[in-house]
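Colleague: I am new to reading models of this kind, and I would like to go through some of the words used for them. Could you show me the structure and then explain how each word is earned?

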Amino acid sequence: MVDDNELTTIFARPERKLAAILAADVAGYSGLMERDEEGTHERLQLLLRDVVRPEVETHRGRIVKTTGDGLLAEFASAIEAVRCAVGLQQAMAERNVTLPEDRRLTFRIGVNLGDIMSENGDVFGDGVNIAARLEGLAEAGGILISHTVHEHVDRKLPVRFDDQGECALRNIARPIRVYRVGWEAALADPALLALKPRNTASAPPGLPDKASIAVLSFTSMSSEAEQEFFADGLAEDLITDLSKVPGLLVIARHSSFAYKGRSVDIRVIAKELGVRYLIEGSVRRASARLRINALLVDAANGAHLWADRFDRDLADIFTLQDEVVGKIVNALADVLPVVRSLPKRRATNLEAYDLFVRGRSLATQSLRETRAARPLLAKAIEIDPGFAEAHAWLAMSHHFGALYCGEPLEEHRMLARSAARKAVSIDPENADAHIVLGFLRAYEGELTEGVAEFEMGLRINPNHAEGWAMLADLRVFEGRAVEGIDCAQNSFRLNPYPPGDYYSFLGWAQYAAGRYQDAVETLRNPSAGGPGAKRNLAAALAQLGRMKDAREEARKFLLEFPHFSAQQWGSTQPFRDDEGRQHFIDGYIKAGLPM
C-alpha cells in the first residue's frame, strides 16, 4: 500500500519558474585535450574553482552542473547573469595575456531568460536549450544573449549590444533574435567592468567632507519574491525622503542598488559612490508584524553613528517610515543645516502600497516591464485614489513608453500628462510629477512653463538625478547649453552608474555648446543610449571634419530610423530661437543624414 508521502513523491511535478541561464564551454576543447589531456583537464578544474565559481556566486547565481568542457549556471536576474558573463570573459582575457597560446582556455558563453523546469537540482526545458544553442553559436571569447535578456539589460550595463538578427537554432521551433555583447571595448577602462563610477571627472578620489549619503538596498529576510519588492520599496522611499532634506546630497537608487547581493567592503562602496555616509538595513515581514533593522555608518572611520531595530504592527508602516527618516536626520544634525519638517503625504492603505512598490520597480525598465507596471499602479490608485506617488509613477511609465519604447506618442503623452497633473493636484510637493509634467509641457510648445515645472521639482528634490539629466535637454532648447552641461554633470554626480540616456543628454548639450570633441568622447561611451546618441555623434564628428567616421555613424543611425529628415525633426523641437535649431540641422546634413 502506498502512503500519501509516497504518492506526493511519485506524482511530484518539476518546479516551473522564470530564470536566466548561462551556458559556457571552452572553445576548441577537444583539440586542447588531444595535445595535453591531463594538463588541459587540470587547468579547467582550477579555473572552475578559482574563477568561475566565485564569479557566479558574486552575482547571486548557482552552478547547476559542470560538464567535461563547460558549465550551466542559473540566475534570478538577467542583469546579474550578463554581469557574470562579462566578468568571466574579462578574467579569462587577463589570465591569457601571460600564457603561451597552447595553454590558453577561452570560453564561449550564451545567456537566455526564459521559462525553465527544475527538479532534483537540475534544470531543463527550452529556456535552457536556447542558452546552450547560443553558446554553440558564440565565437571564442564571445557572449551571445537572447532578445529576452536584451530587453532587461539594454541601457543598464556599460557594454555595447550588437543586433545579430534572427537566428534559427537547432531543435528550437521559432527563430530567436540574438545580440552579441561587445564587452571587449571596456577592457581599456577597467572601471566599466568593475562597475565603478563611469564619469570619473565627477567621482572624488576620497570621501567628501560634506553631508552626502547612499541608501543601500535593504536585505529581505524572507525567501519570497514579494517581500523583496517590499524591502526594496522601503529603501527607495527612504532615498526619496532623504533627498528632500536641505544640504544633504543623496545618491540615486539606480547606483546605490547596484551593490545588491554583492559582498563589497562598505568603505569601498562609499569611495566608489563618492559619499561620506551609508545606510544599510534588513526587513522581515511576517503575518501582521514587521521588523526593520537599520544602520547609519560614517565611512571615513567605519563608526556606527546610529543603529536601531523597529518591531511594529504592519499597519504602522507609514508612521514608521517617518520615524526612521527623523532619526537619521537627527544623527546627521551636526553636518546638516537647520532642517525644516518634511511633508508627509504617504499611502493610507497597505494593499495599495504593496501594489505600488511592485509597479514602481518595473516602471521605466523596458517596454514589457513598464506595461506590466501600469495595471499594478492603476489598481493601487483604485484602492487609494489619493496616493499621489502612484499617479506620478503611472505618468512616468507612459512618458517612458512614448519617449524610449516607440509607443504611440500622442496617446501616451496625453495619459502621462493627465496622471502627472492628478499627482500634482493631490500633492504639490511631488517632485516626480512636476518633472514629468515639465518635460511634456516643454515638448508641447510650452517651454517656459515646462522649465518652471522642472525647477519646481528640483527645488522640492534637489537630488533628483533624472530631473537634472532631462533639464540639460531643456537648457539647450532655451539657448543655455553651458548650463545644460552643468545640469548633466550634476546628474552623473547623483547617479554614478547612470542609464545610457544620461550620456545622450550630456553629449547633446556639449554639441550645442560647440564642444564637439567632448561630445564625441561622451557619445562614444559604450553605455550611451537613446534615440539621439548616434545622430548627435555623427553631427559632432562632421563638425570636426572627420567625415568618414561621421558618415558611418549616420549610416548606423539610418538603419534604426530610415525615415529621418533633419528639417522635419527640427520642426518638432521646441527651440526658443532658430539659430540653435539650425546648428543641429546643419550638423546632421553635413554628416550625410537626409535633409
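Colleague: Why is Phe575 called buried?

Modeller: This is a predicted model, and in it Phe575 has a relative accessible area of 8%. Buried means under 20%, so Phe575, at 8%, counts as buried. The same cut-off applies to Trp508, whose relative accessibility is 5%, and therefore Trp508 is buried as well.

Colleague: What makes the pair of Trp508 and Phe575 tilted?

Modeller: In general, a pair of aromatic rings is described by the distance of the centres and the angle of the planes. The centres of the Trp508 and Phe575 rings are 6.1 Å apart, and a pair needs centres within 6.5 Å, so the two rings do form a pair. Their planes stand at 40°, which is neither under 30 degrees, as stacked would require, nor over 60, as edge-to-face would require, and so the pair is tilted.

Colleague: How do you know that this pair ties together separate parts of the chain?

Modeller: Trp508 belongs to helix H20 (residues 501-512), whereas Phe575 sits in the loop between helix H24 (566-571) and helix H25 (578-590), so the pair joins parts that are 67 residues apart in sequence. A second tilted pair is made by Tyr511 and Phe584, with 4.7 Å from centre to centre and 45° between the planes. This pair also links distant parts of the chain, with Tyr511 in helix H20 and Phe584 in helix H25, 73 residues apart. Both Tyr511 and Phe584 are buried. The count of aromatic pairs comes to 25.

Colleague: Why is Leu362 still called buried, with a relative accessible area of 19%?

Modeller: The cut-off is under 20%, and 19% falls below that value, so Leu362 is buried. Leu362 lies in helix H12 (residues 350-362), and, leaving out residues up to four places away in sequence, Leu362 touches Glu369, Thr370, Ala372, Ala373 and Leu376.

Colleague: What makes Ser212 buried, and what does its side chain reach?

Modeller: Ser212 has a relative accessible area of 0%, which is under 20%, and therefore Ser212 is buried. Ser212 lies in strand E9, and its side chain reaches the backbone nitrogen of Arg276 at 3.0 Å. Because a polar contact requires N or O atoms within 3.5 Å, the distance of 3.0 Å meets that limit. Apart from neighbours within four places in sequence, the contacts of Ser212 include Leu248, Leu249 and Gly274. Gly274 comes just after helix H10 and takes a positive phi of about 70°.

Colleague: How do you know that the buried residues of helix H10 lie on the same side?

Modeller: In H10 (residues 266-273), the buried residues are Ile266, Ile269, Ala270, Glu272 and Leu273. They cover an arc of only 165° around the axis, which puts them on the same side of H10. As a general matter, an α-helix has 3.6 residues a turn, so residues three or four places apart point the same way. The cover over the buried residues of H10 includes strand E9 (212-215) and helix H19 (481-494). At the start of H10, a side-chain oxygen of Asp265 comes within 2.7 Å of the backbone nitrogen of Arg267.

Colleague: What makes Arg285 count as lying over the face of Phe230?

Modeller: Arg285 is at 4.5 Å from the ring centre of Phe230, and since the limit for that distance is 6 Å, the value satisfies this part of the rule.

Notes
Residues numbered from 1 in each chain as written. Predicted model: local features only at pLDDT ≥ 70, side-chain atom pairs only at ≥ 80, totals over all residues. Heavy atoms only, no water. Buried < 20%, exposed > 50% of the residue type's maximum accessible area, 1.4 Å probe, protein only. Helix = DSSP H or I, 4+ residues; strand = E, 2+ residues; numbered from the N terminus. Arc of directions from axis to C-beta. Contact = heavy atoms within 4.5 Å. Polar contact = N/O pair within 3.5 Å; in protein donor to acceptor, adjacent residues only side chain to side chain. Phe/Tyr/Trp six-rings, centres within 6.5 Å; stacked < 30°, edge-to-face > 60°. Lys NZ or Arg CZ within 6 Å of the ring centre and 35° of its normal.
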